[in-house]
Structures are given as C-alpha cells and as structure tokens.
Amino acid sequence: GAMERENSVMRQRMGFGTLAVHGGQKLDPITRSCLTPIYQTASYVFRDCAHGARLFTGEEEGDIYSRISNPTCSAFEDRMAVLEDGSAAVAAASGQAAMAYSVLAIASHGDHVVAASNLYGGTYSFLASTLKRFGVGVTFVPPNDLDALNRAITPRTRAVYGETIGNPALDVLDLEGTASVAHSRRIPLIIDNTFATPYLCRPFEYGADIVVHSATKYICGHGSSIGGVVVDSGRFDWTSGNFPEFTSPELGTGGSSWVDRFGEAAYAEKVRAQMVKDLGGCLAPFNAFLFLMGLETLHVRMERHCSNAQAVAEYLASHPGVQWVRYPGLEGDPSNLLARKCLKGGFGAMIAFGVKGGLEASRTFADSVELIMLLANLGDTRSLVVHPATTTHHELTPEQRQASGISDDLLRLSVGIEDANDIIDDVDRALRAAVRE
Ligand code: PLP
C-alpha cells in the first residue's frame, strides 16, 4: 500500500536519485494521483470547533491555513529534508526569505552574526545593512580564515554564515574547519548550499547545522519560479545554555519549549511559527509543485551541468583572450583541493572569468553572446551570463566587492545543459568580438 511504499523508500535509505524522485511523497488518499497534486487552497475545513481548536494547539496534526502549511509545500519540504539528510525543512517565498529567516529566527536586537565575506550580494546587503537596522551586528571575515573567524565571535554571536561555493568568486568553504570553530563556541553554522545542491554536497556531513537554498536555481532547474527552503540538521544542541529561547516556553510552544515539543525539529518549527507564519513569506503551492518536478531530475541535470562546465572552464583556461578563470574543477584552482574534499560527483556549473582587456572587454563579451542569455539568474537549463559588479553585487562598495573577490572585469557564467560544443562556440564567438574591439 501507499504507506508501506513511502516507508520503504525512506527506511532503506535508497540512493540519491531514488529519493529525488520519490522522497517526501504521500499518495493523495482520495485520487491516488501519482504526482503530488497542487493543493491550490488557502484553507482547510475543520470538522467542528473542537477539531479547529486541537489543530491550533497542536494536539492534532493537520493543515490549518496555507501560510503555515500546505500539502504540496510539505511534500517539497520533506523531499528537501531527505535529500539533505536533515530532520525537517521549511519552505519560503524566495531564497532571500529563507536566508533572512534562518538568521532572524535565532538573532535578536543586541545579538551578532559572523559571516564569510564572499556571499551573494543580496545576502551581503541583508546582513550588512537591513539586519543592522534591527540591532543585529555583523562581522565579515575572509572565507577559510579560521583564526579571524574565532576572533570575530563574541558572547552575543548567534550564528556563523557561509556559502558552500561563494557567489560569484567561487571560493569553496572549508565546511569542517568552519563548523569546528563555530561548535567550539557553541554556535550553529548556517550554510547556503545553492551553488552545490545536495547532489554535490550535503553540508550536514561536514558539520553544518542549518542549510538554506535559493530553490529558484538548480532545485527548480528551469528558471521558472522563485522560492527557498531552510533545512534543519536536527543535530545542533540548543540546550547548551547559549539559546535559552529554545528551552523555555514561547508563544507557539503551547506551554512547553521548542526543544521539548519538537525535539530534533525544534529549529525548523521555530522558523515556521515565528518567521514564515509571523512574517508571512510562505511558498506558493504551484511553485512547490514545480520544485518537486525539478528535484526529480536534479541528479541527472547536475551530471550534465558539471561535465559541460568542466569542458567550458578548460576551454576558457586555454584561450589566449581570457585573462583568468576560476572553476573549482580546474587543476591548480585555489579551491580545487577543498572542492575535492567537499564536493562529490562534480564541481558545479558556475564559472568566473575575466576577458583580456579588463572591464570593457568583459562587458563586450556579455553583449556579444547569442545562445547564452545575459540575465541575473543561475542554475537554469539554459546557459546564462552576468556582470556582477554592475548588477547582482552593485550595492556593495568597491571595497566590499574587493573583499568578496569581485573584480570589475569578473563575468559569472552559469553553464546550462545544452550541448557543450554549442556553448563553447558561443563563448568563442563572444571572445573574438571582445578581444578584437
Ligand atoms: N543565495 C544565493 C547563493 C543566490 O545566488 C541567491 C540569488 O541569486 C539567493 C540566495 C537569493 O535567492 P532568491 O533569488 O531565490 O531570493
């Protein structure tokens, strides 16, 4: 039956591809639809007042209102939790919401966060300016400078934040080293795993405690919708005394505490109740459906993404018109050794490079591509290019961009799953245009 099927996929911990296709699915009991349906509804009918009351107190499990939970979104959350090998996941309206909620759930006025300096521009500006307005201080440290990280942590530091592969300079984070410094100070490590996806890296295996994703990217995979997710490893010890709000009653814990009531899903349920429910950035069920579809082919797409990117990176590295290339899969790349340690099955599909001739030549390249699309997104089946200094990271000061490794000539290429030769032909055409001018 349906239950046995669901349990057997999970119990046997089948391979990644099987979990990507089946993980988290509960067969709809009425239609037995083979895909998780889009439950396009705002609300759910109570059997009677007493039932409604039990749902609200948590005595009985069930959906109440789609800002809090929705069966299509739940299937997406459960599949993400399974793929990241976490205890629970909470979907959000965007990767940006997931990132912000992951921090705001545990940082209050007067608290502090330490973050790697090489982050997505939107994350950087949230941490550096918006979060500051709410009284949470941030110290940025160079990725993998573990001494600087340790020095930056104060008694009020609530989290360490980093990206598996930094956007866009592509430095791979020493997850184990970063986690061990954070844990030595009893602080959780939050990792944005968007660029790697759980197919290439599962940060919990290296000690991370919380993972966030922009699902807009490889999880969706087709550039069709915006969304995000926070995944809880269930392994961080919230009872160390450093996080008293987890061990005493709060609004939403029903007289108990997050840890007593939800166990290893304590953090996830706090994110759901205090962030998604109270701040309101929930995922739409239609987008959750598209993400479930995207996840079904994640393992297949990532293989092609990675092999294409390796070919394009090697081509760029050998091209006389190219000033420099960063790709974790290139031998001799500053991140190659760490990438070999943390990434399994490929090195991702993001490439950073500069064209000989500097800023103008790089911009001419971006203006000259025909197949590759010039736009601000990544992780799509289509190959995409962007000039971060004037777009995704334009809010940073020149000094902040330098600290993030973003030179003015840097182009960020998101290699798609087209035929590698066609991508390379387009790169070659644009390089000839850029170097000629
Ligand atoms: N994290 C990373 C690494 C990103 O690249 C992005 C978006 O570009 C985000 C988070 C934000 O996600 P979203 O655009 O889905 O809000």
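Colleague: What is 2.9 Å from an oxygen atom of the ligand on the Asn 167 side chain?

Modeller: An N or O atom of that side chain. Keep in mind that this is a predicted model.

Colleague: Which polar side-chain atom lies 2.9 Å from an oxygen atom of the ligand, apart from that one?

Modeller: One belonging to Lys 217. There is a backbone contact to mention too. An N or O atom in the main chain of Gly 95 sits 2.9 Å from a ligand oxygen.

Colleague: How much of the ligand does the protein bury?

Modeller: 90% of the 390 Å² that the ligand exposes when taken alone.

Colleague: And how many residues surround the ligand?

Modeller: 14. The closest are Gln 96, Asp 192, Ser 214, Thr 216 and Lys 217. Lys 217 is also the residue with the polar side-chain contact to a ligand oxygen.

Colleague: New topic, helix α4. Where does it run, and how many residues has it?

Modeller: Helix α4 covers residues 71-84, which makes 14 residues. From first C-alpha to last it reaches 20 Å. That is close to the 20 Å expected at 1.5 Å a residue.

Colleague: Is α4 mostly covered or mostly open?

Modeller: Mostly covered. Of its 14 residues, 11 are buried.

Colleague: Which residues of α4 are buried?

Modeller: Among them are Cys 73, Phe 76, Met 80, Val 82 and Leu 83. The buried set also includes charged-type names you might look for: Glu 77, Arg 79 and Glu 84.

Colleague: What happens at the start of α4?

Modeller: Asn 70 points a side-chain oxygen at the helix start. That oxygen comes to within 2.9 Å of the backbone nitrogen of Thr 72. Thr 72 is itself one of the buried residues.

Colleague: And just after α4?

Modeller: Asp 85 takes a positive phi there, about 60°.

Colleague: On to strands. In which sense do β2 and β3 pair?

Modeller: Parallel, over 5 bridges. Strand β2 is residues 112-116 and strand β3 is residues 137-141. Val 113 stands opposite Val 138 in β3.

Colleague: Which helix does the chain cross through from β2 to β3?

Modeller: Helix α6, residues 121-133. The β-α-β crossover is right-handed.

Colleague: What is the strand order in the open sheet of 5 strands?

Modeller: β8-β9-β12-β11-β10, with mixed pairing. The edge strands are β8 (322-326) and β10 (373-374), each pairing on one side only.

Colleague: How does β10 join β11?

Modeller: By 2 bridges, with the two strands running parallel. Strand β11 is residues 384-386. Met 373 stands opposite Leu 384 in β11.

Notes. Residues are numbered from 1 along each chain as its sequence is written. This is a predicted model: local features need pLDDT of at least 70, side-chain atom pairs count only at pLDDT 80 or more; totals for chains, interfaces and linings use all residues. Side-chain values use heavy atoms; hydrogens and water are left out. Two strands pair if DSSP finds at least two bridges between them. Helices (H or I, at least four residues) and strands (E, at least two) are DSSP runs, numbered from the N terminus. A crossover is right-handed if, with the strands pointing away from the viewer, the path from the first strand over the helix to the second runs clockwise. The expected span of a helix is 1.5 Å times one less than its number of residues. Buried means under 20% relative accessible area, exposed over 50%, partly exposed in between (1.4 Å probe, protein chains only). A polar contact is a pair of N or O atoms within 3.5 Å; within protein, one must be able to donate a hydrogen and the other to accept it, and residues adjacent in sequence count only if both atoms are side-chain atoms. A residue is near a molecule or strand if one of its heavy atoms lies within 4 Å of it. Accessible areas come from the Shrake-Rupley method with a 1.4 Å probe; for residues, only the protein chains shown count as cover.
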